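Subject: Structure handover

Hi,

Here is the structure I promised to pass on. Please open it first, then read my notes below.

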Amino acid sequence: MIARQDDEETPLLQQPEQLMANTPLPWNQFWIILLLQFPDSLVFQTLAPFTPQLIRDIGVTHGDESQVGYYVSILQSSYHIAQALTTLHWSQLSDRIGRKPLILNALFATAVSMFSFGLSKTFVGLVVSRIFCGAFNGSGVGRIMLMDITDTTNLPQAYNYMPLPWMLASLIGPLVGGSLSQPADRFPEIFGRSELLRTYPYLLPCAVPAILTSMAWLVIYFRLKESVSTKASPWGSIVGWLLPQSYARPSTPASDSLASSGEANSEEVSSKPLPLRALLSSKVLTVTASYVTMVVLHRTFGSILPIFYAAPIELGGLSLDPPRIGVILAVSGLAHGAFQILFYARLHDRFGARALHITGVSSGIPIVILFPVINALARAHGVGLAVWLCVGVQYALATSLMMCYSCLALFIRAAAPNRASLGATSGITQMVATGALIIVPASAASAFSYSMQEGHDAWIVYYFFMSIAFLAVGTSLLLPRDPSVWEDRQ
């Protein structure tokens, strides 16, 4: 799949490897990995529709509409700051004590933080809830486990299905967040008598992902098999991680027992995770640069979008209410996921991961241009057919951007120096990306609020957004023509 037969630069001696049959996906574990991707996506999709209104309701802006974006950006940054400080440690620890304990820890933190968020009545309480979720959320460990149980022949096929949980979350989350917020006012005949929901009008939409996350925790606890086996106990491995002199060396990752391709990839398996300095190779740095700029581009789009929809038309937005925002986000998430499930594997086989990635990040340029075009049409003709057509085109372009995650996962796996360091390699990319997410999307949301104020250039946020898009395109050109190029050189 990854190594194509029509590549004239590939030596003839490598042709037998290219003809290797695709390994079947280990569905008995793969469906559980799909399940554990659902809660994290659901949380973000649920919060997005009502967060601007929540900021208004708690009174922290004192009625100043232009300040809403600032406080939304602070909430986003608090989560990413906490995650940036911990994600590399969770990834490295997962190479030593295994993936499953950290996955369970992340799900527990997600459930607790969502209940806390719904019960918060102050902005400080909201920030603390997001910090707690970010600090203990090792959600990236699940994607590392996917690389454990697959090989180069079936990993693209696995990523063909990865949009399923995200698509489901994109469908359910915005509807939950948009429809169930302020339920006592929205559905007085059902929830009007509930004093709890009148006191905490955003508890119900937060409780839904919290309960579903708790259910996922139970399924994973009883059904998920560990993909990394260690000779030491978990506590002994943790001590060894903190005190290297007492480190008990872990055994070979157990992915060979989960994926029958172990023999074909045995040369990639090492019995010892490498130190951090040894991981900072040119390959890891290259894929990290591409991953960071792509994630920043996508998350900036996601952070500006609900603010743009909620802002008044005269201030540069579309004046949409939370229920309508929730429906738009849900429909777009469904369309994005369906497209990747139906076409990603075929497009990957035809064009390769690098070409798809470059196309995806390049779509960010017209995506940015469409924001002021949509607002100009709304000012001139109202929110009519022309506006909705442009919104549809913008989301169609964003579909190609979503496929970049699957493409870069192949490069991250190929960049890892050995299988035992796969978690740490992925952790490096996640840490740097999360660090960038502390500043850039929040800055974009703040720039949007700043541009809304009288006397300021309304295009400031779009200049900022466009520079990110061009940077993402530039870093994408540094990738090799195919992930197999890096794997062949190991």
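Q182 sits in the loop between α8 and α9 (183-186). Keep in mind that this is a predicted model. Q182 is not a glycine, yet its phi is positive, at about 50 degrees. Most residues other than glycine have a negative phi. Is Q182 buried or exposed? Neither label fits: with a relative accessible area of 23%, Q182 is partly exposed.

H62 is a second case. Its phi is near 55 degrees, again a positive value in a residue other than glycine. H62 is in the loop between α2 (27-57) and α3 (68-97). H62 counts as exposed, because its relative accessibility is 74% and the cut-off for exposed is over 50%.

**Overall make-up**

The protein chain has 24 helices and 0 strands. Of its 490 residues, 58% are buried. Take the contacts between residues at least 6 apart in sequence: 81% of them join residues at least 24 apart. The accessible surface of the chain is about 19,800 Å², and carbon and sulfur atoms account for 65% of that.

**Salt bridges**

How many salt bridges does a search of the whole structure find? It finds 3.

Start with R198 and D185. Their closest N and O atoms are 3.9 Å apart. This pair links distant parts of the chain: R198 is in helix α11 (residues 195-199), D185 is in helix α9, and 13 residues separate them. R198 counts as partly exposed, at 44% relative accessibility. D185 counts as exposed, at 58%. The other bridges share partners, and they join D95, R99 and D148 into one network.

In that network, D95 pairs with R99, with the closest N and O atoms 2.8 Å apart. R99 also meets D148, at 2.7 Å from N to O. The D148 pair links distant parts of the chain: D148 lies in helix α6 (residues 140-148), R99 lies in the loop between α3 and α4 (100-119), and the two are 49 residues apart.

Are the members of this network buried or exposed? D95 is buried, with a relative accessible area of 3%. R99 counts as buried at 1% relative accessibility. D148 counts as buried, also at 1%. The cut-off for buried is under 20%.

**Helix α19**

Helix α19 (residues 364-381) has 18 residues, so at 1.5 Å a residue it should span 26 Å. Its end C-alpha atoms are 26 Å apart, which agrees. There is a bend, though: α19 turns by about 25 degrees at L370, and a proline, P372, follows within four residues. Both L370 and P372 are among the buried residues of α19, as are I367, F371 and I374. What covers these buried residues? The cover includes α16 (282-310), α18 (353-362), α20 (385-402) and α23 (460-476). Just after α19, G382 takes a positive phi of about 80 degrees.

**A nonpolar surface patch**

L171, L175, V327, V331 and L334 form a nonpolar patch on the surface. Together they have about 370 Å² of accessible area. Two elements give two or more residues each: α8 (163-179) and α17 (322-351). Which element gives the largest share? It is α17, with 3 residues. V331 lies in helix α17, and V331 is exposed, with a relative accessible area of 52%.

Best wishes

How values were computed
Residues are numbered from 1 along each chain as its sequence is written. This is a predicted model: local features need pLDDT of at least 70, side-chain atom pairs count only at pLDDT 80 or more; totals for chains, interfaces and linings use all residues. Side-chain values use heavy atoms; hydrogens and water are left out. Patches are made of residues with over 30% relative accessible area and no salt bridge: like charges are joined within 9 Å, nonpolar side chains (Val, Leu, Ile, Met, Phe, Trp, Tyr) within 5 Å. Accessible areas come from the Shrake-Rupley method with a 1.4 Å probe; for residues, only the protein chains shown count as cover. A salt bridge is a side-chain nitrogen of Lys or Arg within 4 Å of a carboxyl oxygen of Asp or Glu. Buried means under 20% relative accessible area, exposed over 50%, partly exposed in between (1.4 Å probe, protein chains only). Contact means heavy atoms within 4.5 Å. The expected span of a helix is 1.5 Å times one less than its number of residues. The bend at a residue is the angle between axes fitted to the seven residues ending there and the seven starting there.
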